[in-house]
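Biologist: Please give me a close look at a single part of this model, the metal site, and take the coordination and its surroundings together.

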Amino acid sequence: MWAATGCGGGDGTSGRRGPTATTAPAGLALDTDPFTLGVASGDPTAEAVVLWTRLAPEPTAPDGGMPRGDVEVTWELATDESLGDVVASGTALATAADGHSVHVDATGLLPGTEYFYRFRAGEHDSAVARTRTLPAPGTPVDRWTIAVASCQLRQSGHWTAHRLIAEDRPDLVLHLGDYVYEYFGGGDDLVVPLDAEPATIEDHRVLYGVYKRDPHLQAAHAVAPWLVTWDDHEVQNNYAADVPRHDEDAEHFAARRAAAYRAYWEHMPIRSTPADDGTLRMHRRVEVGSLATFFVLDGRQHRSDQVCGDRVPTFASACPELGDADATMLGEDQERWLDDGLASVATTWTVLAQQTVVKALTVGDLVPNVDQWDGYPAARRRMLGSVDRHGVENVIILTGDIHAGAAAEIRGRDAGSDGRILAHEMVVPAISSPPLGEAAELIDPADLGLSHLNAHDNGYARATLTPDAWTTEWVTVDVSEPDGVPHTDAVRRVDVGRPGLVTP
Ligand code: FE
Ligand code: CA
């Protein structure tokens, strides 16, 4: 049932509401459309979804072109696209301190239901966007569709893949990180107008403004709720917890990381809020009826530093640190949380939505990339050991980061145990970042037992989940021009209770 008629939704910003004296009258100085960054929804549950927007009449200005004061934003959520049947609504305060971002937790909704929502600020209406709640935990679900994206370096291509995601109208979109890159400059229309890597919150607002003003990205956000996690480039290439890529003053990096995390929060439809110490909890569990449990992982904020200087490649014989049993990808708390979670899974599918490649790609002495799980073998043994120990079946691992599409069965070789298949890894290509390309030639897909590898194309993956099977389709598209034509590059299926990747 609705929590209340007409205005049942929670006000996501009420806890941060400041003195009303600082509140600008709605509409003040909002002469132009403030919804240039679009709207979004995310972190759905069976009864709630987070609605997001950020007011920015000038999307790439450090202050978004907003007046200094706070602005009231109203929102409505309805069961129909014309917003005739409004079932929840409310007012939120877009504060200057939060970059005039708004996070509303719309609660009291019905499970497994499609909704439409819209924001209003002053005289301006946002676009109407679609979202949907999850089926109630434990209830049967015949079919659930997802799109999976990662790695969208703005300067390196068009976001046709986001347009395609919008056309798919999936039930849920997962983004596995590298939503923004710290890289500045660029050419033609695809430019980040900064002259150094972003360090302050204002720099990051400029960066996100450039990214989020893209109409295809906005369309993908407007079609379904998103479930996001981050990887490295939201802060800096291959950073590890509080360790920067290059020598940098620790305090400077800590401040910059906190600004990056805060900016991520300001621009994402997530329920988690930044803590006073600058951290932001990203790992969370999401259940889709009796069909699937998603464990969204954070392999960046809590990991130990990459071994042996993070050299590509690394030679195992020259890197005894690879044997460090204490090395961690998730950190102790998240590891324990995941182990506890895996012990209590009651759904058909178990999904680990995370960043870097889990599959062992080590060839003899050569470790191609110690930033991924190959550089954290003890942590990988613990994670896969946890899957094994709790007898979790029908496990899917979703991976981004590497700018290639790939599929692999995760076996004992990867887990350090027997040859049984413990999981199925689906690696999604980059939305626009430069494909892995020649670097992939370090490995031989057949040797490593990869079922699919395309290191040359951009795109995304979509998957259909049913109580009988999981089917992933890799969609590739040329991103060098605005109107690239999509191509289904590969399809792999996993049948319930029959471990292994099937090529239909
Ligand atoms: Fe990337
Ligand atoms: Ca990455």
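Modeller: What follows is a walk around the metal site. The model is predicted, so local features need pLDDT of at least 70 and side-chain atom pairs pLDDT 80 or more, while totals for chains, interfaces and linings use all residues. Residues are numbered from 1 along each chain as written, chains are lettered from A and ligands numbered from 1 in written order, and side-chain values use heavy atoms, without hydrogens or water.

The iron ion (ligand 1) has as its protein donors Cys-151 through SG, Asp-178 through OD, Tyr-181 through OH and His-403 through NE2, at 2.1 to 2.5 Å; donors are N, O and S atoms within 2.8 Å of the metal, or 3.2 Å for Na, K and Ca, and since water is not among the atoms, sites may look incomplete. Along the sequence, these donor residues follow the spacing C-x26-D-x2-Y-x221-H. The angles that the four donor atoms subtend run from 85 to 167 degrees, and the arrangement is therefore irregular (tetrahedral would need all angles between 85 and 135 degrees, and square planar opposite donors over 155 degrees apart with all others between 65 and 115).

Asp-178 also coordinates the calcium ion (ligand 2), which lies 3.8 Å from the iron ion (ligand 1). Cys-151 sits in the loop between strand E10 (144-149) and helix H1 (160-168), and Asp-178, 27 residues apart from it, in the loop between strand E11 (172-175) and strand E12 (185-187); helices (H or I, at least four residues) and strands (E, at least two) are DSSP runs numbered from the N terminus. Both Cys-151 and Asp-178 are buried, meaning under 20% relative accessible area with a 1.4 Å probe and protein chains only, where exposed is over 50% and partly exposed lies in between.

Key: Four donors count as tetrahedral if all angles lie between 85 and 135 degrees; four count as square planar and six as octahedral if opposite donors are over 155 degrees apart and all others between 65 and 115; anything else is irregular.
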